[in-house]
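Hi,

Here is the structure I said I would pass along. Have a look at it first, and then read my notes underneath.

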Amino acid sequence: MKIAVVAPASRVAPETAEKTRALAARLYGAAAPEIHFHPQCFLSDGHFAGSDAARSAAFLEAANDPAFDAVWFGRGGYGSCRLDAALYGALNGSARKKVYLGYSDLGVVLARLYREGIGRPVHGPMPSDVNRPGGEAALARALKFLVENDAETLEPAARDGKKVLAFNIAVLSSILGTAHEPDFCGHVLMLEEVSEYMYRIDRALFHVTSSAHVRRAAGIMLGRCSDIPENDVDFGRTEEEICRHWCARAGIAYLGRADIGHDADNKVVPFGGAGAHVA
């Protein structure tokens with residue numbers, strides 16, 4: 001198996017590539033997948049892993065290359081929404097056969113691919129997660145999904161035939177009403193957040209649940225909301241209380257907690273569900 005790693009958002013540290021390949025070798029030995037980190041991953045242009053044009057070109061190159069079976073996004077951060085919108089129309093037949101794996105800011109790309117019916121977009125750990133506490137377990141989970149299509153790597157709700165989607169709350173809020181917004185109808189929508197004040201989580205969930213399209217979802221599950229800053233005046237609500245509140249106001253079923261988040265326990269969620277097919 002050959003996997004291309006690109007970074008549509010923030011720069012990847014060179015040691016991340018070394019750690020990722022070393023872990024794959026320990027897990028699979030001579031049968032380890034070939035993991036190619038595109039040179040663009042290590043570029044730097046302010047906040048971004050290279051210019052918008054460089055990041056767009058690297059993604060298009062990797063996606064369209066028939067030598068690769070999957071595109072693995074190297075790191076989140078911010079920047080995926082700045083990719084050239086024209087690249088989605090330039091994706092070829094090879095791009096439509098690939099798995100695309102990432103989460104957080106990469107939800108922008110995953111959503112657009114899912115909307116366009118291109119490949120198999122999947123929420124799950126990225127190479128940069130190897131630098132988190134317990135991060136090798138996260139990467140091992142991603143590799144087991146990519147290499148073995150192991151059902152044990154999946155978030156439990158994604159194993160039982162349900163149509164599922166998974167997003168960071170702020171990222172999903174930002175793409176509603178744009179060309180990246182996917183079809184939510186009949187899907188279980190899993191949401192998670194990191195490093196946002198409770199009032200911002202509240203505001204974003206107001207926006208998300210106000211969408212008439214989101215209200216067509218089968219329900220919402222809430223993943224982990226971590227590293228929440230302390231507000232000068234305590235918000236007085238937990239993230240689950242906030243989510244329950246807005247689901248009730250919008251008439252959306254609240255379906256409990258999801259095992260996703262910005263941490264080493266982040267589980268894999270194939271968009272559309274475990275049985276979703278590559279185009």
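Below is what turned up, starting with the pocket and then moving to two acidic residues.

Keep in mind that this is a predicted model.

The pocket first, since you'll probably want that. The largest one has a volume of about 450 Å³. Its lining is made up of 22 residues, and the ones nearest the centre are G76, G77, S104, D105 and H262. Two elements, α5 (169-175) and β7 (188-194), each give two or more residues to that lining. The largest share is from α5, with 3 residues. If you sort the lining of the largest pocket by class, you get 8 nonpolar, 8 polar and 6 charged residues.

Next, E239. You'll find E239 in helix α7, which covers residues 239-250. Is E239 buried or exposed? With a relative accessible area of 17%, E239 counts as buried, because the cut-off for that is under 20%. Leaving aside residues up to four places away in sequence, E239 touches M198, L222, C225, I228 and R257.

Then there's D45, which sits in the loop between β2 (34-37) and α2 (52-64). D45 has a relative accessible area of 38%, so it comes out as partly exposed. Once residues up to four places away in sequence are set aside, D45 touches G50 and S51. One more distance for D45: its C-alpha atom is separated by 8.7 Å from that of R11, and the two residues are 34 residues apart along the chain.

Cheers

Notes
Residues numbered from 1 in each chain as written. Predicted model: local features only at pLDDT ≥ 70, side-chain atom pairs only at ≥ 80, totals over all residues. Heavy atoms only, no water. Helix = DSSP H or I, 4+ residues; strand = E, 2+ residues; numbered from the N terminus. Buried < 20%, exposed > 50% of the residue type's maximum accessible area, 1.4 Å probe, protein only. Contact = heavy atoms within 4.5 Å. 1 Å grid on protein atoms, 1.4 Å probe; cavity = no way out; pocket = protein on both sides within 12 Å on 5 of 7 lines; lining within 4 Å. Points joined across faces, edges and corners; volume = space filled by probe spheres on them. Nonpolar A, V, L, I, M, F, W, Y, C, P; charged D, E, K, R; others polar.
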